[in-house]
Amino acid sequence: LHIQYATPFPINIILTPWHVHKYAQANKTHAMDPLHHFLLFRFELHAFVHILQSYILHQGLHQSCGGLDDRYATGQFSDVDDLRAAHTEAMETTLNRCLLMDSQKSMMTIIESILSLVFKLGAAVQTVMAHHRELSCSSFDRTHSDAMEVEDYDQGCEAEVLKVKIDHIVGEVANHQTLFRRYVVFLFQVLQEVEARGQHPHLLPLLHELKRL
C-alpha cells in the first residue's frame, strides 16, 4: 500500500510532497507489523459479527415476535389455545429466520466455522504479543548485560526461535483470513439460493450486507 496524493493549493504549502513521502514510509513500516495484519482481519471479523447480530435482532427477533406482542397487547386472542398456537407459530418463524431449523444446519455450520475464527484470532494476537514482549526483554538484557558471550549466544538463539514462532502464527492467521473470505462467499451463495426460491424476503438485508463485506 502506497500513499499518492497531490495536495491542492493552499494545503500544499503545509503538506508538501516530502511530507506525503514520509507518511508513505510510516505507513509501510506500520504495515510490516504482524499485529497490523491481525487488526485488518479483526476488522473483517467484527464487521461480519455486527452484520449477523443486526440481522438476528431485527429480522429474527423483532420482526418475528412484534406481531405476537401487538396481538397480546390489544387482546386479540380468543382463548388460551389461540394464544398457544400464535406463540408456537411465532417461535417457528423466529427459529427459521435465525437459521436454527434442522433444515438450515448447513448454513449454521458455516456461520459457526466463521465465528470459531474469532477465537483463533484472539488467541493468536495474545500469543504474538507475549512473544514480542519476550523479544523486547531479551534485546534489553543483551544490551545492558555484561554476561559472557555464551549467554549472549543462547539469548540470540531464543530470540530466533521466538521470531520463527511469530512468523508461523502470522502464516496461520493469513490462512484463516483466506478461509474466512471463502466461508463468507459460500454462505452468501447458499443464502442467495434459498432466497431465490421465494418466501424468504427477510434474507435480503443479510445478503445485501454480506455482499458489501
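Is phenylalanine 48 buried or exposed, by its relative accessibility? In this model, which I should say at the outset is predicted, phenylalanine 48 comes out at 2% relative accessibility and therefore counts as buried, since buried here means under 20%.

Let me stay with that residue for a moment. A search of the whole structure finds 2 aromatic pairs, and one of them is formed by phenylalanine 48 and phenylalanine 180, which meet edge-to-face, with 6.3 Å centre to centre and 90 degrees between the planes. Because phenylalanine 48 lies in helix H2 and phenylalanine 180 in helix H5, residues 149–196, this pair ties together parts that are 132 residues apart in sequence. Phenylalanine 180, at 1% relative accessibility, counts as buried, and Phe41 joins Phe48 and Phe180 in one aromatic cluster.

Helix H2, which covers residues 34–73, also holds glutamate 44, and this acidic residue, at 15% relative accessibility, counts as buried. Leaving aside neighbours within four places in sequence, glutamate 44 is in contact with Gln177, Phe180, Arg181 and Leu213, so that Phe180 appears once more in the picture.

Turning now to helix H3, residues 80–97, its 18 residues should span 26 Å at 1.5 Å a residue, and the end C-alpha atoms are indeed 26 Å apart, which agrees. Ala86, Ala90, Thr94 and Arg97 are buried in H3, and because the buried residues fall within an arc of 75 degrees seen down the axis, they line one face of the helix. The face turned away from that buried side carries the exposed residues Val80, Asp81 and Glu89.

At the N-terminal end of H3, aspartate 79 acts as a cap, with a side-chain oxygen 3.2 Å from the backbone nitrogen of aspartate 81, while just after H3 leucine 99 takes a positive phi of about 60 degrees.

Methods. Residues are numbered from 1 along each chain as its sequence is written. This is a predicted model: local features need pLDDT of at least 70, side-chain atom pairs count only at pLDDT 80 or more; totals for chains, interfaces and linings use all residues. Side-chain values use heavy atoms; hydrogens and water are left out. Helices (H or I, at least four residues) and strands (E, at least two) are DSSP runs, numbered from the N terminus. The expected span of a helix is 1.5 Å times one less than its number of residues. Buried means under 20% relative accessible area, exposed over 50%, partly exposed in between (1.4 Å probe, protein chains only). The arc is that of the directions from the helix axis to the C-beta atoms. A polar contact is a pair of N or O atoms within 3.5 Å; within protein, one must be able to donate a hydrogen and the other to accept it, and residues adjacent in sequence count only if both atoms are side-chain atoms. Contact means heavy atoms within 4.5 Å. Rings of Phe, Tyr and Trp (its six-membered ring) pair if their centres lie within 6.5 Å; planes under 30 degrees apart count as stacked, over 60 as edge-to-face and the rest as tilted.
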